[in-house]
Every structure is written in C-alpha cells, then in structure tokens.
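This report introduces a structure to a reader who has not met it before. Please look at the sequence and the structure displayed below, and then follow the sections in turn.

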Amino acid sequence: KRSSIDLVYHQYRQVQALDDLRDVAIDLDPEGDSRFLGEAVDVIIGYKEIKDLKVEFVFGIFFPGRAFGPDADRAYSGGLEIKYDF
C-alpha cells in the first residue's frame, strides 16, 4: 500500500533555438539549429512499508534531440535515498 513504482516522461524544448543552456547540470551545448532538446524517462521506486523508513531509487535516461546534433550520446542518471526517522 505504501510503496510505488512510477514511470515519468519529460520532453524538453527551447522557446528559441540557442547554442547554449543556462542553469543546467550538463556539459554539452546545443548547436542552435533546433528547439527540440530531447526526451527523458525516469523510473522511481519508492518503499515505505517499514515505519519511519523511506527508501527511494531513481533511474533516468535522457535521449538528446535534434538540438544536440546526430552524434550526441544518451545520458544516464541514478540515485538512492534512504531516510530513517528516529
């Protein structure tokens, strides 16, 4: 009852095609030819079955769009958060 698996989809576009990104945690800049930055999928697994314990695992994959050119690689991220209240 208190655990979950979520699948989250994101689509990223610029209002105007630019050759830089501000306030982001990636090192690759777009080429400035397209507004379509890409798409991402996140899987979030939450576990809260034990009192005072919360465990959350997040895995994400980013598929770069036309803005980054044809040779851009996918980006992956993952994380684990464990919270115990006492």
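## A starting point in the sheet

Val43 has Phe59, a residue of β3, as its bridge partner. The model in which this pair is found is a predicted one. The pair belongs to the contact between strand β2, residues 36-47, and β3, which run antiparallel to each other and share 10 bridges. Another pair that can be located here is Val41, which stands opposite Ile61 in β3.

β2 and β3 also form a hairpin, with 5 residues between the two strands. Asp52 lies in the loop that joins β2 to β3. The phi angle of Asp52 is near 70 degrees, which is a positive value in a residue other than glycine. Is Asp52 buried, partly exposed or exposed? Asp52 counts as partly exposed, because its relative accessibility is 35%, and the range for that class runs from 20% to 50%.

## The order of the strands

The sheet is open and has 4 strands in the order β1-β2-β3-β4, with antiparallel pairing. β1 and β4 each have a single partner strand and stand at the edges, so each of them has one side without a neighbour in the sheet. On average, neighbouring strands of this sheet are turned by 15 degrees against each other when direction is ignored.

The remaining pairings can be described in the same way. β1 and β2 run antiparallel and are joined by 10 bridges; within the sheet, Gln11 stands opposite Glu39 in β2. β3 and β4 are likewise antiparallel, with 10 bridges. Glu56 has Glu81 in β4 as its bridge partner, and Gly60 stands opposite Ser77 in β4.

## Val8 on the first edge strand

Val8 lies in strand β1, which covers residues 4-13. Which residues does Val8 touch, not counting those up to four places away in sequence? They are Ala40, Val41, Asp42 and Ile44. Val8 and Val41 are 33 residues apart along the chain, yet their C-alpha atoms are separated by 5.6 Å.

Val8 is partly exposed, because its relative accessible area of 27% falls between the limits of 20% for buried and 50% for exposed residues.

## Ser77 on the other edge strand

Ser77 lies in strand β4. Leaving aside residues up to four places away in sequence, Ser77 touches Val58, Phe59 and Gly60. Gly60 is also the residue that stands opposite Ser77, and Phe59 is the bridge partner of Val43.

With a relative accessibility of 44%, Ser77 counts as partly exposed. Ser77 and Glu39 are 38 residues apart in sequence, and the distance between their C-alpha atoms is 14 Å.

## A nonpolar patch on the surface

Which residues form the nonpolar patch on the surface? They are Ile5, Ile45, Phe57, Phe59, Tyr76, Leu80 and Ile82, and together they have about 740 Å² of accessible area. The elements that give two or more residues to the patch are β3, residues 53-64, and β4, residues 75-84. The most comes from β4, which gives 3 residues.

Tyr76, one of the patch residues, lies in strand β4. Tyr76 is exposed, because its relative accessible area is 53% and the class of exposed residues begins over 50%.

## A buried residue in a loop

Ala67 lies in the loop between β3 and β4. Is Ala67 buried or exposed? Ala67 is buried, with a relative accessible area of 0%, whereas Asp52, in the loop between β2 and β3, is partly exposed.

The contacts of Ala67, not counting residues up to four places away in sequence, are Pro30, Glu31, Gly32, Ser34, Phe36 and Leu37. Ala67 and Gly79 are 12 residues apart along the chain, and their C-alpha atoms are separated by 27 Å.

Key:
Residues numbered from 1 in each chain as written. Predicted model: local features only at pLDDT ≥ 70, side-chain atom pairs only at ≥ 80, totals over all residues. Heavy atoms only, no water. Patch = residues over 30% accessible without salt bridge, like charges linked within 9 Å, V, L, I, M, F, W, Y side chains within 5 Å. Areas by Shrake-Rupley, 256 points an atom, 1.4 Å probe, with all protein chains shown as cover. Salt bridge = Lys/Arg side-chain N within 4 Å of Asp/Glu carboxyl O. Buried < 20%, exposed > 50% of the residue type's maximum accessible area, 1.4 Å probe, protein only. Pairing = 2+ DSSP bridges. Contact = heavy atoms within 4.5 Å. Axes fitted to C-alpha atoms, helices over the stretch in contact; angles between N-to-C directions.
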